[in-house]
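Here are some short exercises to work through with the model open beside you. Try each task before reading its solution.

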Amino acid sequence: MTIVKTLMAATAAVAFGLVPALAQNSGPAATLQKIRERGYILCGASQGVPGFSQPDDKGIWRGFDTDFCRALAATIFDDPDKARYLPLASKDRLISLQGGNIDVLARTTTWSIGREISQGLAFTAISYYDGQGFLVRKSAGLKSVRDLNGATICVSQGTTNELNLADYFRANNLTYKVVTFGSLDEVSKAYETGRCDAYTTDMSQLATNRFLMQVPDDHMVLPEIISKEPLGPWVRKGDPQWFDIVRWSLFVLLAAEELGITKANLPEHLASTNPEVRRLLGLDGNFGETLGLSRDWAARIIRHVGNYGESFERNLGAGSRIGLPRGANQLWNRGGLQYSPPFR
């Protein structure tokens with residue numbers, strides 16, 4: 001796996017080059033035009049978070065975040081495989097987007113005011129509601145984060161997790177020693193080999209990384225969540241057309257689930273008389289053309305990827321090896337926080 005990711009990163013670095021952000025955004029349709037001329041979309045991915053984005057044993061990227069890149073490729077090219085992935089460490093992901101190495105950052109990256117107002121980047125929409133937690137060994141007998149007073153804690157460098165850790169311990173008059181690493185793999189390995197007493201990151205990543213440990217049942221996640229971590233895709237500022245395409249492609253996935261449109265039943269919905277369905281699928285209105293896309297842009301996403309719930313279930317939910325509950329990521333009318341603004 002390491003060899004696959006290293007080769008892919010090296011190949012991508014050569015192919016992508018370092019293109020200044022201003023050059024990427026030199027016109028009103030700069031990003032979409034460049035993607036079409038290139039023939040594929042460039043997506044920033046994690047270095048390997050099971051369920052979110054990770055190459056399989058054949059080097060094919062799979063996961064919840066990967067599905068979103070496939071959705072973008074589907075809406076532009078009617079081909080979800082016209083997406084390529086650049087694995088990025090947490091400390092490098094925003095810099096890579098700023099520098100124009102990727103078209104969209106579709107990996108676990110928290111929305112915060114500091115990132116949005118000072119780095120030339122724009123958050124599009126929340127694809128996953130998360131929060132920060134702590135993984136510890138069951139043998140330590142810990143019941144609460146407060147029991148970590150004086151502990152050594154591993155965390156990924158250049159993340160909101162590192163800042164949240166400092167804030168929480170300071171606010172609660174707790175002491176700790178921090179050990180930082182450049183990638184999640186390094187953090188997880190350091191924790192598992194005993195270099196630290198606890199490992200902190202987003203709850204979803206704790207669940208997936210615990211799953212990969214030699215004896216998963218030797219570890220447990222403490223009950224507290226110490227932060228809000230709204231995750232979703234990022235783009236560079238300065239290209240409102242591309243911002244809208246990325247944002248509303250995510251909303252297509254959510255709207256399709258709410259309307260009951262799936263990959264399997266899409267053909268029958270294409271004959272629907274429901275006004276909401278007809279607007280979403282491009283049967284009425286011209287939203288796709290206004291975005292610079294085809295009239296059936298949303299139908300392409302559903303045809304190739306499915307809806308939000310299908311992607312969640314396939315990659316993260318009970319039907320996957322990860323087994324995460326939907327929780328806050330359930331639709332608003334089923335007790336969750338997720339919904340799409342109206343397509344009208």
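**Exercise 1. Place the annotated domain.** Find which residues UniProt lists for "domain: Solute-binding protein family 3/N-terminal", then describe that span.

Solution. Start with the record: the unreviewed UniProt entry gives residues 40-269 for this domain. Such positions follow the numbering used here, feature names are shortened, and annotations may be inferred rather than shown by experiment. Numbering runs from 1 along each chain as its sequence is written. This is a predicted model, in which local features need pLDDT of at least 70 and side-chain atom pairs count only at pLDDT 80 or more, while totals for chains, interfaces and linings use all residues; side-chain values use heavy atoms, leaving out hydrogens and water. Next, look at the span itself: residues 40-269 are 36% helix and 23% strand, with the end C-alpha atoms 29 Å apart. Helices (H or I, at least four residues) and strands (E, at least two) are DSSP runs, numbered from the N terminus.

**Exercise 2. Explore the largest nonpolar core.** Which members touch the most other members?

Solution. A nonpolar core is a set of buried Ala, Val, Leu, Ile, Met, Phe, Trp, Tyr and Cys residues joined through side-chain atoms within 4.5 Å. Buried means under 20% relative accessible area, exposed over 50%, and partly exposed in between (1.4 Å probe, protein chains only). The largest core has 68 residues, and Ile41, Trp242 and Leu280 touch the most other members. Helix H10 (residues 240-258) supplies the largest share of this core, 11 residues. Now take Leu280: leaving aside residues up to four places away in sequence, its contacts (heavy atoms within 4.5 Å) include Val252, Ala298 and Phe343.

**Exercise 3. Follow the partners of Asp67.** Which side chains form salt bridges with Asp67?

Solution. Use this cut-off: a side-chain nitrogen of Lys or Arg within 4 Å of a carboxyl oxygen of Asp or Glu. One partner is Arg70, at 3.6 Å, N to O. Arg70 and Asp67 both sit in helix H4 (residues 64-77), 3 residues apart, about one turn of the helix. Another partner is Arg314, with the closest N and O atoms 2.6 Å apart. Because Arg314 lies in helix H15 (residues 308-315) and Asp67 in helix H4, this pair ties together parts 247 residues apart in sequence. Finally, compare accessibility: Asp67 is buried at 6%, whereas Arg314 is partly exposed at 39%.
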